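Reader: I should be grateful for a close look at one part of this structure, together with its surroundings.

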Amino acid sequence: MKIHKYDTVIVGAGGAGMRAAIEATKRSRTAVLTKLYPTRSHTGAAQGGMAAALANVEEDNWEWHTFDTVKGGDYLVDQDAAEILAKEAIDAVLDLEKMGLPFNRTPDGTIDQRRFGGHSRNHGEAPVRRSCYAADRTGHMILQTLYQNCVKEGVEFFNEFYVLDQLITEVDGVKKSAGVVAYELATGEIHVFQAKAVIYASGGTGKFFKVTSNAHTLTGDGQAACYRRGLPLEDMEFFQFHPTGIWRMGILLTEGARGEGGILRNKDGERFMEKYAPVMKDLASRDVVSRSIYTEIREGRGCGPEGDHVYLDLTHLPPEQLDAKLPDITEFARTYLGIEPYTDPIPIQPTAHYAMGGIPTNVEGEVLADNDTVVPGLYAAGEVACVSVHGANRLGTNSLLDINVFGRRAGIAAAEYSAKADYVELPENPAQLVADQVERLRNSTGKERVAELRKELQETMDANVMVFRTEQTIKTAVEKIAELRERYKNVSVQDKGKRFNTDLLEAIELGNLLDLAEVMAVSALARKESRGGHYREDFPNRDDVNFMRHTMAYREVDADGKDSIRLDYKPVVQTRYQPMERKY
Amino acid sequence: MSTATLDKVEAESAASPYITVTFRIRRFNPEVSDEAMWQDFEVEIDPKERVLDGLHKIKWELDGTLTFRRSCAHGICGSDAMRINGKNRLACKTLIKDINPAKPITVEPIKGLTVLKDLVVDMEPFFQAYRDVMPFLITKGNEPTRERLQSAEDRERFDDTTKCILCAACTSSCPVFWNDGQYFGPAAIVNAHRFIFDSRDEAGEQRLEILNDKDGVWRCRTTFNCTDACPRGIEVTKAIQEVKRALITRRF
């Protein structure tokens, strides 16, 4: 075991982590621990753009953006946070441009903007051009630009270090962050990083679904590390299903395709979104469009022999426009489906895409231990966190914005904290939990296989807690997950070595996914209403009287060491906008 | 199992799109042996699936020790560049049907970088060359309050080289790099090009001097391996030629 000491440790090197690292490195001795090489993060898969009311191409302002964000989130958004997001969006985009990001340009040479789902002028009047973009590779450009600036600032990276435990020490009755424990993939060595401040920026949890746009590596490691140490997870029942994933594969096809004029059609060629969202049509918010697609499929208007998908039609758009604005997604259609999008519609289905919930934080990125108390020295930003700017449903282009605005805030806040704070003493045997976990898995002779359990988990999640949910389906999922968690105790790995043991890491990741899937299902079971991405067929309406509140899920361990989930609730911060019926 | 179920299984397998494919994989694990060796695996797989799906099938069902890097699985993250049937490609962007599954499909680590285990190589020299070309925007004077202006034409000038995902498929396909790891390699030059030809950047001269080095652009023998290998379709050799030309004319 090695012990390292840094002022600030950042877990994850995607957009949020690197944006935080640029700020933290200027102000404090900082280390970034990342399970992948920095430019491998899934930020790079984001396509369509980053929202900011620059008003470069038409009238716009941050207040309209705030409203759209709150409405898009079905009023579960904390409005103070949404206001910060929309206000700071403008500088966040300009900062990236100054760092070198090659945005597409208007004829005047300013940053070009395009339409995106749920973004409107004047509180829902009509779609507005608010998404700043670089073709359909905006996430790629953000990731590259941030990495370039990390190189410029001399940010110190520990590549292929998996953070598996969050160290918390109680000082005078206050739980404080003491550091993290990481597993080095190359050597199998365990490292303890003592740090005054820790920032989680480790991304989402999408791999508990089968059809997902998420990378294989998005296994909720940060959420799981904090949750296991008794910290709450907020709003985990809210997961976004992106309307346009490649049929069966789940690979993302940007909403920018509809922003450029693409149309969703059923087997009769009908533009069905006109029925469900007369004003915004194909550019309604993602939860609305995904439900509409499944309604078409269920009512027998799906395409293909099994009627299990619909079409994204780009054939009426000029090939030059596709080449210039949507080069990557048209190539995906050619590579993976053998389809020519100039002439043929693309088969799509909703794909599990984004966790609205996560580690609860305030607007400075400080992690909450309960509804009011912060954990000194602990921060989170990006998809791992829940501020909550996305509420019950995130708007497209608001996540690339979130990682930049709140990544920056967390980086500054953490470094300022570590400048004046002292190190917190490490707990006794700080690496114990990780060492035990690794040894148990390496030496296990159990008969259960990681891949089989993961497959069963993904299948139950797709079948039972996806776009449509009922008490019965969620209960089925809860029972199945409990069974899988039990079987997980008998899981073993074939690779017993120390060097690049990805077999072992996949087993650990599965453990994280199982814990988080359970939190998601249990939180969803208790929310007896429909709101944003959480749709209960048995409770099809939003219930502001009983459920205008955030879920807070805690892991409790009884005297026998058996764990369970305790649910609590946290009020939603409402400032200027009163809940209204949501129509697009 | 009842007969009815058996019949159903048989009926399904009759219509199955699955074929048997042999993957011939270069294995190396210094914890076990100092020698690398070839190992064959047979898997039942739909040929419309990716080589990465085949590798996963082997790892998840046959041999958990098989080790490779991967993440996004659709050609964006750059983790899984490998040598497939003798050519550098991303395993997640290569469909089995496109590389003649009737014969064994060979999979090896990319060349020119030290193999650490199976298909995993040491990427550090690759990233060091990248860092050496100052891959970040450098400007002088005061920052504007709004964005810097750039015409659509100026933006288009370096569009091709912004697509790089740092997968190393190009650099590790280059015979010059195989023979001399000191050579910057195509990827570093591509990333220098991305800034040299960005109208906003003011350090083009410095980057050109770095690439004027004995291990710089002049080592390129224009074999076009890099262009063939690039999974993003970047015209790598053309970018290198443009940097060479800029060094001669000092115009960019």
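Author: The account below begins with a single annotated residue and then widens to its surroundings.

This is a predicted model, in which local features need pLDDT of at least 70, side-chain atom pairs count only at pLDDT 80 or more, and totals for chains, interfaces and linings use all residues. Residues are numbered from 1 along each chain as its sequence is written, while chains are lettered from A and ligands numbered from 1 in the order in which they are written.

The residue chosen is A:His42, which an unreviewed UniProt entry annotates as "modified residue: Tele-8alpha-FAD histidine". UniProt positions are given in the numbering used here, feature names are shortened, and annotations may be inferred rather than shown by experiment. A:His42 is found in the loop between strand E2 (30–34) and strand E3 (50–51) of chain A. Helices (H or I, at least four residues) and strands (E, at least two) are DSSP runs, numbered from the N terminus.

A:His42 counts as buried because it has 26 C-beta neighbours inside 10 Å. A residue is buried if 20 or more other C-beta atoms lie within 10 Å of its own, exposed if 12 or fewer, and partly exposed in between, with C-beta atoms placed from the backbone. Not counting residues up to four places away in sequence, A:His42 touches A:Gly14, A:Gly203, A:Asn214, A:Ala215, A:Leu218 and B:Cys72. Two residues are in contact if their C-beta atoms, placed from the backbone, lie within 7 Å.

One of these partners, A:Asn214, lies in the loop between strand E9 (190–200) and helix H5 (221–228) of chain A. A:Asn214 is buried, since 27 other C-beta atoms lie within 10 Å. Its contacts, leaving aside neighbours within four places in sequence, are A:His42, A:Gly204, A:Gly206, A:Lys207 and A:Ala352. The C-alpha atoms of A:Asn214 and A:Leu185 are separated by 22 Å, with the two residues 29 apart along the chain.

The domains of chain A give the wider setting. An automatic or database domain assignment supplies the bounds: domain 1 (1–238 + 356–429 + 538–584) and domain 2 (239–353). Taken over C-alpha atoms, the centres of these two domains of chain A are separated by 28 Å. Their contact takes 29 residues from domain 1 of chain A and 31 residues from domain 2 of chain A. On the domain 1 side, strand E4 (113–121) and strand E5 (126–132) of chain A each supply at least two residues, and E4(A) gives the most, with five residues. By class, that side has eleven nonpolar, 13 polar and five charged residues. Here Ala, Val, Leu, Ile, Met, Phe, Trp, Tyr, Cys and Pro count as nonpolar, Asp, Glu, Lys and Arg as charged, and the others, Gly among them, as polar.

B:Cys72, which A:His42 touches, leads to the second chain. In the contact between the chains, 38 residues of chain B meet 42 residues of chain A. Helix H2 (51–62), strand E6 (115–117) and helix H4 (152–157) of chain B are the elements that give two or more residues to the chain B side. That side divides into 15 nonpolar, eleven polar and twelve charged residues.

Chain B itself has nine helices and seven strands, and 49% of its 252 residues count as buried.
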